[in-house]
Amino acid sequence: MALKLPSQWVWDSWFVFDGEKHHAFYLQASRALGDQNRRHRNVTVGHAISDDLKNWTVVADAIAPSESPAPDSWTTWTGSVVQNDDGVWWMFYTGTSREDAGERQTVCAATSTDLMTWTKLEQQPIVAADSRWYKTLAAGFDNEPFRDPWVFKLPGEDTWTMLTTAGSIEAKSRREEAIMGVAKSSDLKTWQIQPPLGGPGQGFGETEVFQFEIVDGIPILLFCCGPLWLSDERKANGEIGGVYSLPVAADLSDVDFNRAVLFPDLRLYASRLVQDRQGGWKLIAFLNNVDGEFLGELCDPIPVTSDSILGLVPKSQA
C-alpha cells in the first residue's frame, strides 16, 4: 500500500509538491490504543515524502496539540498546505480544545520555509465560524463544526479561498444540516467569513474534507460523508457513504449537493486529488472498513478523470 505504518493508524491526508518531492501530511494515532475510535482524540500530524506517490519515506512529525489553554490543545485535525508568493509554506489545520470539551472546531495555522519545521502562529484560531450563518456554541448549539480547511485560489482570482465543513443554523434536523463554509483572504493571515455554499436539506448531515480542482477541464468538488449522516433518500438508494464528487462552476456559483455522486470504490474515505509528475490526476484516500475491519492506511494512487455528470470517475471506466 502507498503508506502503511506498523505502529500507527493513518487516515485523513493532504499533499503538496515542492518541485522535487511529493509531501504527504496525515492524521496518525498509535495502534496501541486498541480501539480505532479512540484515534480521533489521540492524534498528531505525520509527514512523509515520495518521488512517485507510491513509495514513501516517513520523516519527523509536523504538528502536535498545544499546551492548554489553546484552540488546538486537544487535537490537530485535517488541513491543507499552500505556498505564499514570498515562498513561505502555510499549513491550515483543524484545532479542538480541552477547554470546551472538543465541541468547538476552528482553523489554526502554522508556517514553514522548508515543509519540515513548522511554527504555529501566535494568534490562534485564524478562522472560526460566524454565527450569522454557521452553528456555534456561543449561539446555543451543542457543537460547532468548522473544520478540514482547504485553501486555494479560484481560477482568475488573486485572493485565497478557504472551504470548510460546517453546519447550517437553518437546518430542520441534524441529518440535513451540512453546508460548505467559505472564507476569503488576500494574505493568508486575515480572513473574512462568507455566507455558505450549498444548503441544508441537500442530502447530507455532514460533509467532510472538501477539495476543489479542475480535473481534465471540468471543475470538481470532492468531499466525503459517512453512513451516519446520509439522508433517508440516499440510504434508500442503497448508499453506505464514502467519497463523493460533483461537477461545479469554476466560480463555485452552483453548488448543489443533491447532484453529488458516490465514487465506486467503497473502501475509501477522506480522499485527495493529487497530480503526478506527468500532470495526471490520482486519487489517494485512506482504506476505511474492509470486510468489517478498519485498516487505517493510505491506498495506492488511483488514476482518475472527470465526467460532466458523474464527477470524478476511475480512468479505467471513463
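## A walk through a strand-rich model

Counting secondary structure across the protein gives one helix and 21 strands. Its radius of gyration is 18 Å, close to the 20 Å that the globule rule gives for 318 residues, so the protein is as compact as a globular protein of that length. Keep in mind as you click around that this is a predicted model.

**Stop 1: the whole chain.** Start with everything selected. Along the principal axes, the C-alpha atoms fill a box of roughly 50 × 45 × 45 Å. If you colour by burial, 56% of the 318 residues count as buried. Switch to a surface and you are looking at about 13300 Å² of exposed area, with carbon and sulfur atoms supplying 48% of it. Colouring by charge brings up 27 positive and 43 negative side chains, and the centres of these two sets lie 3 Å apart. For a contact map, take the contacts with a separation of 6 or more: residues 24 or more positions apart account for 52% of them.

**Stop 2: a four-stranded sheet.** Now select β5 to β8. They form an open sheet in the order β5-β6-β7-β8, with antiparallel pairing. The edges are β5 (75-83) and β8 (119-120), each of which pairs on one side only.

Zoom in on β5 to begin with. Is this edge strand mostly covered or mostly open? Eight of its nine residues are buried. Next to β5 runs strand β6 (residues 89-96), antiparallel and joined to it by eight bridges. To see the register, show W77, which stands opposite T94 in β6. Then follow the backbone around the hairpin: five residues sit between β5 and β6, and G87 takes a positive phi near 90 degrees.

Move across to the other edge. Strand β7 (residues 106-112) pairs with β8 in the antiparallel sense over two bridges. Pick T111 and look for its bridge partner in β8, which is T119.

**Stop 3: Q124 and the cis prolines.** Leave β8 and enter the loop that leads to β9 (146-152), where you will find Q124. Which residues does Q124 touch, leaving aside its neighbours within four places in sequence? The contacts are P71, Y93, C108 and A109. Try a distance label as well: the C-alpha atoms of Q124 and T106 are 8.8 Å apart, with their positions 18 residues apart in sequence.

Check omega while you are here. The peptide bond from Q124 to P125 is cis, near -5 degrees, and P125 is in the loop between β8 and β9. Another cis bond runs from S68 to P69, with omega near -5 degrees; P69 is in the loop between β4 (56-58) and β5.

**Stop 4: two positive phi values.** Select L53, in the loop between β3 (44-50) and β4. Its phi is near 65 degrees, a positive value in a residue other than glycine. L53 is buried, with a relative accessible area of 0%. Then jump to D216, in the loop between β13 (208-215) and β14. D216 is not a glycine either, yet has a positive phi of about 50 degrees. Its relative accessible area is 45%, which makes D216 partly exposed.

**Stop 5: L222.** Finish in strand β14 (residues 218-225), where L222 lies. L222 is buried, with a relative accessible area of 0%. Show what surrounds it: beyond the neighbours within four places in sequence, its contacts include V209, F210, V243, Y244, L273, L283 and L312. For a last label, the C-alpha atoms of L222 and P314 are separated by 14 Å, and the two residues are 92 apart along the chain.

Note on methods:
Residues numbered from 1 in each chain as written. Predicted model: local features only at pLDDT ≥ 70, side-chain atom pairs only at ≥ 80, totals over all residues. Heavy atoms only, no water. Rg over C-alpha atoms; globule rule 2.2 N^0.38 Å. Buried < 20%, exposed > 50% of the residue type's maximum accessible area, 1.4 Å probe, protein only. Contact = heavy atoms within 4.5 Å. Areas by Shrake-Rupley, 256 points an atom, 1.4 Å probe, with all protein chains shown as cover. Lys, Arg positive; Asp, Glu negative; His and termini not counted. Charge placed at Lys NZ, Arg CZ, Asp CG, Glu CD. Pairing = 2+ DSSP bridges.
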